[in-house]
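I opened this entry to look up charged residues and overall shape. My notes follow in the order I took them.

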Amino acid sequence: VGVLAIGHNITPLKKAYRELEESRSQLRGLIAHREQVREEERKYIAREVHDELGQILTGLRMSISYLEHQLVNHSPQWPEYLEEAKTLSKEAMAVVKNVASSLRPAVLDVGIVAALEWLAGRFGSNTNIHCNVHVPAHDVELEEAHSIALFRIAQEALTNVARHAKATRVDILLDREGQDYVLRVRDNGHGFDTTTKKVNSFGLMGIRERALLLNGTFEIHSRPGSGTEIAVRIPVPASTPMAPAKVEKI
Ligand SMILES: Nc1ncnc2c1ncn2[C@@H]1O[C@H](COP(=O)(O)OP(=O)(O)OP(=O)(O)O)[C@@H](O)[C@H]1O
Ligand SMILES: [Mg+2]
């Protein structure tokens, strides 16, 4: 009788477990989908800002230069106003470039290596933390989805370095190890205790999710007093075309 009773109790548990697994996998699928939509949106807005607004501003600058040419002898105040208008349109152009590349750097179209170098250069000048990129000597050929994922992971990791690490140096390393690409972001900051969980902290979770969606893995090594390293390993079949991202169970 006892055995039977246990059997009866286990069934709903199993069902609940299956449902939990299902909803986890649905949640992953949803996150992946949303991420893809966001990425497309970023690309669209970046193009729109850069191409459309950029073109308008270029036109404006040309008109101002023309006016300057025509009017400069007619009124003593013109040069001053024109100079100011020119400075403003130049500043607006710089903002346009900055906004567009923050949303989606054009270098991403060239490839992950160029994009990481661009990211490091920008991070270095914004934070005064030395940022070096180490990449393989051979060409890195990755599908766009993989490149974007690695780029966004590096970006998130660098944001953490700037916000939390108090580092003076950070290294971004991209390597091919067998069939995998491995991205490491290593800083020389003060580290942290990886066993304590923080609420409302989503950066590392996002990195992990991006890695899992590409059938990869994510590791973090850190200790208070020593630096932090995040490592993401993503499998890339050498010659066979890559399978679409699969939702992995935990
Ligand atoms: N490079 C680092 N150096 C030191 N501490 C770090 C580093 N990266 C992460 N941490 C610690 O891990 C915690 C979790 O990081 P996570 O990116 O998940 O969240 P967050 O940065 O706090 O918030 P957000 O959700 O905006 O990213 C951080 O609050 C910080 O304490
Ligand atoms: Mg963070």
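I began with Lys86, which is buried at a relative accessible area of 17%. The cut-off for buried is under 20%, so Lys86 falls within it. I note that the model is predicted.

Next I looked for a partner. Lys86 forms a salt bridge with Glu83, and their closest N and O atoms are 3.8 Å apart. I asked where the two residues sit relative to each other in helix H2. Glu83 and Lys86 are three residues apart in H2 (residues 78-103), so about one helical turn separates them. Glu83 is partly exposed, with a relative accessibility of 40%. I logged this pair as one buried residue, Lys86, and one partly exposed residue, Glu83.

**Entry: Glu144 and its partners**

I moved on to Glu144. Which side chains meet Glu144 in a salt bridge? I found Arg104, at 2.7 Å from N to O. Arg104 lies in the loop between H2 and helix H3 (112-127), while Glu144 is in helix H4, so this pair ties together parts 40 residues apart in sequence. Arg104 is buried, with a relative accessible area of 7%.

I also found Lys43, whose side chain meets that of Glu144 at 3.5 Å, N to O. This pair links distant parts of the chain. Glu144 belongs to helix H4 (residues 144-165) and Lys43 to helix H1, with their positions 101 residues apart. I checked exposure for both. Glu144 is partly exposed at 41% relative accessible area. Lys43 is partly exposed as well, at 26%.

**Entry: salt bridges across the chain**

How many salt bridges does the count come to? I noted 19. I then followed a salt bridge of Arg104 with Glu144 once more. After that I turned to a network: Glu177, Asp180, Arg184, Arg186, Glu229 and Arg233 are joined into one by salt bridges that share partners.

**Entry: Glu35**

I looked up Glu35 in helix H1 (residues 2-71). Is Glu35 buried or exposed? Glu35 is buried, with a relative accessible area of 18%. Leaving out residues up to four places away in sequence, I found that Glu35 touches Arg42 and Arg210.

**Entry: the whole chain**

I stepped back to the fold. The protein chain has five helices and five strands. From the N terminus, its elements run α-α-α-β-α-β-β-α-β-β. Why do I call the chain more spread out than a compact globule? Its radius of gyration is 25 Å, well over the 18 Å that the globule rule gives for 250 residues, so I wrote it down that way. I then took the box along the principal axes. The C-alpha atoms fill roughly 105 × 40 × 40 Å.

I checked burial for the whole chain. Of its 250 residues, 32% count as buried. For contacts between residues at least 6 apart in sequence, 70% join residues at least 24 apart.

My last look was at surface and charge. The accessible surface comes to about 16,200 Å², and 57% of it belongs to carbon and sulfur atoms. I noted 31 positive and 32 negative side chains in the protein chain. The centres of these two sets lie 7 Å apart.

Terms used:
Residues are numbered from 1 along each chain as its sequence is written. Chains are lettered from A and ligands numbered from 1 in the order in which they are written. This is a predicted model: local features need pLDDT of at least 70, side-chain atom pairs count only at pLDDT 80 or more; totals for chains, interfaces and linings use all residues. Side-chain values use heavy atoms; hydrogens and water are left out. Helices (H or I, at least four residues) and strands (E, at least two) are DSSP runs, numbered from the N terminus. Buried means under 20% relative accessible area, exposed over 50%, partly exposed in between (1.4 Å probe, protein chains only). Contact means heavy atoms within 4.5 Å. A salt bridge is a side-chain nitrogen of Lys or Arg within 4 Å of a carboxyl oxygen of Asp or Glu. The radius of gyration is taken over C-alpha atoms; the globule rule is 2.2 Å times the number of residues to the power 0.38. Accessible areas come from the Shrake-Rupley method with a 1.4 Å probe; for residues, only the protein chains shown count as cover. Lys and Arg count as positive and Asp and Glu as negative; His and the chain ends are not counted. The place of a charge is taken as NZ of Lys, CZ of Arg, CG of Asp or CD of Glu.
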